[in-house]
Amino acid sequence: MDRRELAGFLRSRRERIAPADAGLPVGPRRRTPGLRREEVAQLAFISAEYYTRLEQARGPRPSREVLAGLAHALRLSDAERAHLHHLAGAPPAPPAGPSREVRQSILDLLRRLPQAAAVVLSATYEVIAWNELAAALLEDFSALPRRDRNLVRRAFLGPHPEGRRLYGLSDADVFARTSAQHLRATAARYPDDPEIAGLIGELLAGSEEFAALWASHDVCAEPTLCTTLQHPLVGPVSVNCDVLDIADRDQRVVIYTAAPGSRSEEALRLLSVVGTQRMDVPG
């Protein structure tokens with residue numbers, strides 16, 4: 001617990017709140033900016049003496065209930081609430097599970113990338129959003145049930161009986177190893193999520209390779225900078241892989257682009273026209 005930092009943080013948050021914002025009368029003799037200490041204590045349902053000791057860096061470690069009351073009284077944002085907990089030596093409990101809701105601005109971004117294939121992955125490697133070119137290059141995810149959109153499950157458990165061929169990736173083994181390492185880190189962030197536990201149990205039971213990777217306890221994965229996909233219509237497509245982290249949602253945007261003037265760029269242009277419509281593949 002950092003008492004001095006906690007005291008300074010509480011004081012700064014208190015002084016920025018106007019009494020009217022908290023539903024309190026301004027009064028004619030108010031000298032301090034923001035709320036008074038006793039007003040914060042009242043709003044947080046704690047004693048004024050206890051709150052004063054916290055602001056003077058003399059108080060004991062507050063409980064989670066007290067921290068929740070202070071966060072409400074001081075109208076803290078999610079980031080400020082987390083910071084308050086860390087200063088008090090009581091990190092907030094992790095969320096129950098990773099978010100699958102994609103921000104509208106990210107969905108708009110996908111649509112504004114007509115020459116790049118892009119998908120949004122959840123913390124468990126589930127494809128939760130994609131643009132039209134990604135559907136043409138990888139798969140029409142809209143035609144799949146949700147469980148089949150999970151790339152870790154597809155990498156280790158199928159659907160190809162002849163072995164791993166995740167979208168014809170040239171480095172499917174690297175992807176499998178990377179995804180397993182990411183999933184271990186995800187499981188640590190969401191220890192109480194039953195869906196993650198179920199996915200891991202399914203992978204451990206169905207894949208000796210995943211079980212071996214899981215037993216290694218590795219969590220440091222190297223980024224994939226480029227890869228080649230074997231497409232049934234246009235043949236091999238070599239793409240750069242860039243990843244944008246969406247920290248507040250624990251999601252990632254993966255963007256696939258081809259080198260300008262390359263054969264792969266022409267292939268992506270053809271796929272952007274063809275889309276996901278069915279065509280007879282020559283030969």
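**Reading burial, contact and crossing in a predicted model**

Reader: Which residues does Ile 46 touch, not counting residues up to four places away in sequence?
Author: In this predicted model, Ile 46 touches Ala 41, Tyr 51, Val 66 and Leu 70, once residues up to four places away in sequence are set aside. Ile 46 itself lies in the loop between H2 and helix H3 (48-55), and its C-alpha atom is separated by 8.1 Å from that of Gly 69, a residue 23 residues apart from it along the chain.

Reader: Why is Ile 46 called buried?
Author: The relative accessible area of Ile 46 is 17%, and a residue counts as buried when that value is under 20%, so Ile 46 is buried.

Reader: What makes H2 and H4 oblique to each other?
Author: The axes of helix H2 (residues 37-44) and helix H4 (residues 64-73) cross at roughly 120°. Angles of 65 to 115 degrees count as roughly perpendicular and those over 145 as roughly antiparallel, and the crossing angle falls in neither range, so H2 and H4 are oblique to each other. Their axes come within 8 Å, and the crossing is right-handed.

Reader: Which residues in H2 and H4 meet?
Author: On the H2 side they are Val 40, Leu 43 and Ala 44, and these meet Gly 69, Leu 70, His 72 and Ala 73 in H4.

Reader: How do you know that Thr 227 is buried?
Author: Thr 227, which lies in strand S3 (residues 226-231), has a relative accessible area of 6%; the cut-off for burial is under 20%, and therefore Thr 227 is buried.

Reader: What makes the pair of side chains of Thr 227 and Asp 171 a polar contact?
Author: The side chains of Thr 227 and Asp 171 are joined at 2.6 Å, and a polar contact needs a suitable pair of N or O atoms within 3.5 Å, so the pair qualifies. Leaving aside neighbours within four places in sequence, Thr 227 is in contact with several residues, including Leu 169, Ser 170, Asp 171 and Val 237.

Reader: Where does pLDDT stay under 50?
Author: It does so over residues 278-283, for which the model has three contacts beyond four places in sequence. Where pLDDT is low, the predicted coordinates should not be read in detail. For the protein, the mean pLDDT is 85, and 88% of its residues reach 70 or more.

Reader: How many helices and strands are there in the protein?
Author: The protein has 12 helices and five strands, and 42% of its 283 residues count as buried.

How values were computed
Residues are numbered from 1 along each chain as its sequence is written. This is a predicted model: local features need pLDDT of at least 70, side-chain atom pairs count only at pLDDT 80 or more; totals for chains, interfaces and linings use all residues. Side-chain values use heavy atoms; hydrogens and water are left out. pLDDT is the predictor's confidence in each residue, from 0 to 100. Contact means heavy atoms within 4.5 Å. Helices (H or I, at least four residues) and strands (E, at least two) are DSSP runs, numbered from the N terminus. Buried means under 20% relative accessible area, exposed over 50%, partly exposed in between (1.4 Å probe, protein chains only). A polar contact is a pair of N or O atoms within 3.5 Å; within protein, one must be able to donate a hydrogen and the other to accept it, and residues adjacent in sequence count only if both atoms are side-chain atoms. Axes are lines fitted to C-alpha atoms, for helices over the stretch in contact, and angles run from 0 to 180 degrees between N-to-C directions. Angles under 35 degrees count as roughly parallel, over 145 as roughly antiparallel, 65 to 115 as roughly perpendicular and the rest as oblique. A crossing is left-handed if the near helix is turned anticlockwise from the far one by less than a right angle, and right-handed if clockwise.
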